[in-house]
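Here are my notes for your first look at this model. Please keep the 3D view open and go through the points in order.

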Amino acid sequence: MSPPPSPSTHDPAQRALQLAAQTFEIEARALLGLAARQGDGFPAAVAAMLGCRGRVIVMGMGKSGHVGRKIAATLASTGTPAFFVHPAEASHGDLGMVTRGDLLLALSNSGESSEITVLLPMLKRQGVPLIAMTGGLQSSLARHADLVLDCSVEREACPLNLAPTTSTTVQLAMGDALAVALLDARGFRPEDFARSHPGGALGRRLLTHVRDVMRSGEQVPQVLPQVDFSSLMREMSAKGMGAAAVVDEAGRPIGIFTDGDLR
């Protein structure tokens, strides 16, 4: 694919719009190309991650590292235990976070990130399976990997063809594809998603039961039907509710009085 022509207009607004459209086109074509290249390697990677007895450890340097953090978070929230380990920190002690039974998902566009490649012999000796997400299909990372996910791109969206743009978009999409395939294989349900998102609206809706928020026993304002109006208002105010249950001598509810009745 030949490089797209550079925007020639001198109008700043038009130039910005042309660059945006050019970026979208380059990255969209890369994603369509990515879909066409996925063969046996992708389902094999899904099967390996599905069968992992430990955690999926995600590693990447630079922009690949930022993408790796997002992939690890997406996997963890959709039923695949995962976390990100910075490869530079791994060389200084954090490699102890990786244990037998884990699986390593390593991201590197070139496949030659020295912070990752220096770890590969130790990880191999430890028996940790390695899935490489790389554009360097003949790289050191690819040669050491048990499985390779082809994330190669023809060019970056950057007009200089330097800044990681298309390549990181492809990595991110590949990570999402893995997460979607895994959650489907696990039979992941909305209730499972809610359990890992208790602070969100979905978590509150699916996980909160009536018993979690209701009042019972002495917490409920209650009065006998013959009490005076002042006693009723004191009971409602003391227990901080806009209503009071009206009960008989045995404590059985026979009615209710609310703020709306008062108004």
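1. **Helices α3 and α8.** Start with α3 (residues 62-77) and α8 (residues 166-185). Their axes lie 10 Å apart and make an angle of about 15°. Angles under 35 degrees count as roughly parallel, so α3 and α8 are roughly parallel to each other. Bear in mind that this is a predicted model.

2. **How they cross and touch.** The crossing of α3 past α8 is right-handed. On the α3 side, the contact uses K63, S64, V67, K70, I71, T74 and L75. On the α8 side, it uses T168, Q171, L172, G175, D176, A179 and L182. The mix of classes is six nonpolar, five polar and three charged residues.

3. **Helices α2 and α8.** Now turn to α2 (residues 41-50), which also packs against α8. Here the angle is about 60°, and the axes are again 10 Å apart. This angle makes α2 oblique to α8. Two packed helices are described by the angle between their axes and the distance between the axes. Please quote both values for each pair.

4. **The second contact.** α2 and α8 also make a right-handed crossing. Which residues of α2 meet α8? They are F42, A45, V46, M49 and L50. Their partners in α8 are M174, A177, L178, A181, L182 and A185. By class, this contact has 11 nonpolar residues, with no polar and no charged ones. Set that beside the contact of α3 with α8, where five polar and three charged residues take part.

5. **Cysteines.** How many disulfides does a search of the whole structure find? The count is zero. A disulfide is a covalent bond between the sulfur atoms of two cysteines. Are C52 and C151 buried or exposed? Buried means under 20% relative accessible area. C52 has 18% relative accessibility, so C52 counts as buried. C151 has 2%, so C151 counts as buried too.

6. **An unusual backbone angle.** Look at N161 in the loop between β5 (147-150) and α8. Most residues other than glycine have a negative phi. N161 is not a glycine, yet its phi is positive, at about 60°. Is N161 buried, exposed or partly exposed? Its relative accessible area is 35%, so N161 is partly exposed. Please point out this residue in your own write-up.

How values were computed:
Residues are numbered from 1 along each chain as its sequence is written. This is a predicted model: local features need pLDDT of at least 70, side-chain atom pairs count only at pLDDT 80 or more; totals for chains, interfaces and linings use all residues. Side-chain values use heavy atoms; hydrogens and water are left out. Axes are lines fitted to C-alpha atoms, for helices over the stretch in contact, and angles run from 0 to 180 degrees between N-to-C directions. Helices (H or I, at least four residues) and strands (E, at least two) are DSSP runs, numbered from the N terminus. Angles under 35 degrees count as roughly parallel, over 145 as roughly antiparallel, 65 to 115 as roughly perpendicular and the rest as oblique. A crossing is left-handed if the near helix is turned anticlockwise from the far one by less than a right angle, and right-handed if clockwise. Contact means heavy atoms within 4.5 Å. Ala, Val, Leu, Ile, Met, Phe, Trp, Tyr, Cys and Pro count as nonpolar, Asp, Glu, Lys and Arg as charged, and the others, Gly among them, as polar. A disulfide is a pair of cysteine sulfur atoms within 2.5 Å. Buried means under 20% relative accessible area, exposed over 50%, partly exposed in between (1.4 Å probe, protein chains only).
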